[in-house]
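Visitor: I have a model open and want to go through it. Can we start with the charged pairs?
Guide: Yes, here it is.

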Amino acid sequence: MFPLTLARTGEKWIIRKIKIEHEIKKRFKELGFCEGTQITVTQAEHGNLIIKNKDSSYAIDKDFAQHIFVG
């Protein structure tokens, strides 16, 4: 298990843990990103990421991505 910022582009990952405040975690879950969800990092620039979940893509900044652990 490691931070999402270290995940390789183009590979599928499972979200194992999200260590952020409750309100942000709740919103993230509403978007379909929760522990156990499969995601793909489609683009990474300067630590900021574009991640895909099912049919949607989202931009996540590097500070936020450091609190999402995948494996």
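Guide: Glu35 and Lys25 form a salt bridge, with 3.5 Å between the closest N and O atoms. The term requires a side-chain nitrogen of Lys or Arg within 4 Å of a carboxyl oxygen of Asp or Glu. This pair links distant parts of the chain, 10 residues apart: Lys25 is in helix H1 (22-30) and Glu35 is in the loop between H1 and S3.

Visitor: What kind of model is this, and how are residues numbered?
Guide: The model is predicted, so local features need pLDDT of at least 70 and side-chain atom pairs count only at pLDDT 80 or more, while totals for chains, interfaces and linings use all residues. Residues are numbered from 1 along each chain as its sequence is written, and side-chain values use heavy atoms, leaving out hydrogens and water.

Visitor: Back to Glu35 and Lys25: how accessible is each?
Guide: Glu35 is partly exposed at 38% relative accessible area, and Lys25 is partly exposed at 29%. Buried means under 20%, exposed over 50%, and partly exposed in between, using a 1.4 Å probe and protein chains only.

Visitor: How many salt bridges does the structure hold?
Guide: Three. Glu30 forms one with Arg27, at 3.4 Å between the closest N and O atoms. Those two are about one helical turn apart, because they lie three residues apart in helix H1. Glu30 counts as exposed at 52%. Glu11 forms a salt bridge with Arg8, at 3.0 Å.

Visitor: Does Glu11 touch anything else of interest? I mean, which residues does Thr40 contact?
Guide: Glu11 is among them, with Gly10, Lys12, Ile50, Ile51 and Lys52, leaving aside neighbours within four places in sequence. Contact means heavy atoms within 4.5 Å. Thr40 lies in strand S3 (residues 38-45) and is buried, at 16%. Helices (H or I, at least four residues) and strands (E, at least two) are DSSP runs, numbered from the N terminus.

Visitor: What's the strand order in the sheet?
Guide: S1-S6-S2-S3-S4-S5, an open sheet of six strands with antiparallel pairing. Strands S1 (2-3) and S5 (56-60) are at the edges with a single partner each, so one side of each has no neighbour in the sheet. Pairing needs at least two DSSP bridges between two strands.

Visitor: And the core: which residues touch the most other members?
Guide: In the largest nonpolar core, of 17 residues, they are Leu4, Ile15, Phe28, Ile39, Ile51 and Ile68. Such a core is a set of buried Ala, Val, Leu, Ile, Met, Phe, Trp, Tyr and Cys residues joined through side-chain atoms within 4.5 Å. Strand S2 gives the most to this core, three residues.
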